[in-house]
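Visitor: Please take one part of this structure and go through it closely. I would like the strand pairing first and the charged side chains after that.

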Amino acid sequence: MIQRLRSNLKLADDPAGRYLPSVVATMVFLAVLALVGAIALQQATETWSRSIEGSLTVQIGDAKARDAQQRIDKAVALLKAAPGVESARPLTRPEIDKLLEPWLGKTAMDADLPVPALIDVRLVKGAAVDTAALASQLQQAVPGTRVDDHKPWLASMVRLARTLQWLAVAVVALVGLSTVALVVFATRAGLAVHRDMIEVLHLIGARDGQIAEQFESQTFRRAAAGSVLGLVAAAAIVALVARFASALDAPLLPSVQLGPKSWAILVAAPVAATILAIVTARLTVLTTLRRMT
């Protein structure tokens with residue numbers, strides 16, 4: 001007889017629990033979007049680090065000036081002789097146009113603009129280069145030369161990315177707390193509605209754990225349905241945004257490449273939400289029933 005107690009409570013008709021799937025879907029949707037944002041920032045930071053770290057850019061006046069080539073050759077020779085410099089290579093005009101195109105556009109690049117000559121400088125890995133002293137030497141040898149060290153810019157971007165990543169983690173944490181609060185409310189409402197039936201079940205020998213199993217089962221079905229819906233909706237939004245971003249032809253925008261590890265993290269969100277809902281429902285039932293006795 002005790003085995004049949006598991007289906008005695010009609011929890012499917014509880015008004016408070018009806019909204020659990022839609023609310024969990026919204027929570028998972030927000031959590032997955034926050035995680036995608038964190039993953040995109042991590043990938044962008046790694047891309048910036050690989051492309052910029054260990055390099056310098058040297059600007060020399062106007063590339064169309066009469067003595068431009070002589071100034072470039074002199075600067076390249078000085079750079080190659082500097083300690084800690086692995087290589088120094090002047091960029092061609094097509095390469096410079098490609099670098100400036102995201103900022104100025106193709107139309108502006110066709111105009112007769114005074115574009116400086118650029119030298120790509122690669123540093124020896126792990127070498128400590130005094131960029132200030134190097135810039136001073138270049139300025140004395142080739143007046144009008146400017147050395148751009150990318151490390152300060154990269155450090156600022158990394159700090160910003162890390163801050164936004166922690167913000168995404170905070171959003172996920174708030175989503176988790178909101179899910180817990182919702183499940184607690186729905187479970188307590190269900191216990192209040194079925195209080196009389198629960199007392200009868202206690203009288204005929206039902207244990208608190210058996211009653212909690214009924215709430216767990218109902219919470220699992222509703223939370224799992226909402227979690228899957230939230231994941232699918234978030235994946236659709238991410239795919240739509242990625243499609244529009246690729247059509248913009250904006251090289252400055254970081255592209256999001258979701259590998260197996262990234263997908264595992266995203267899929268873990270709805271799984272964690274479902275498990276959290278089940279555990280919360282069980283603990284809420286057991287705690288409330290102990291107070292009722």
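Guide: What follows covers one strand, its partners and then the salt bridges. This is a predicted model, in which local features need pLDDT of at least 70, side-chain atom pairs count only at pLDDT 80 or more, and totals for chains, interfaces and linings use all residues. Residues are numbered from 1 along each chain as its sequence is written, and side-chain values use heavy atoms, with hydrogens and water left out.

Strand 1 spans residues 55-60; strands (E, at least two residues) are DSSP runs, numbered from the N terminus. Five of its six residues are buried, so strand 1 is largely enclosed by the rest of the structure. Buried means under 20% relative accessible area, exposed over 50%, and partly exposed in between (1.4 Å probe, protein chains only).

Strand 1 pairs with strand 3 (residues 117-123) in the antiparallel sense over six bridges, pairing requiring at least two DSSP bridges between two strands. Here Gln59 stands opposite Leu118. Strand 1 also pairs with strand 4 (residues 145-149), again antiparallel, over five bridges. In that pairing, Asp149 is the bridge partner of Leu56.

As for charged side chains, a salt bridge is a side-chain nitrogen of Lys or Arg within 4 Å of a carboxyl oxygen of Asp or Glu. The count is four. Among them, Arg122 and Asp120 have their closest N and O atoms 3.2 Å apart; Arg122 is partly exposed at 32%, while Asp120 is buried at 17%. Another joins Arg146 to Asp148 at 3.0 Å, N to O, and Asp148 is buried at 18%.

Terms used
Helices (H or I, at least four residues) and strands (E, at least two) are DSSP runs, numbered from the N terminus.
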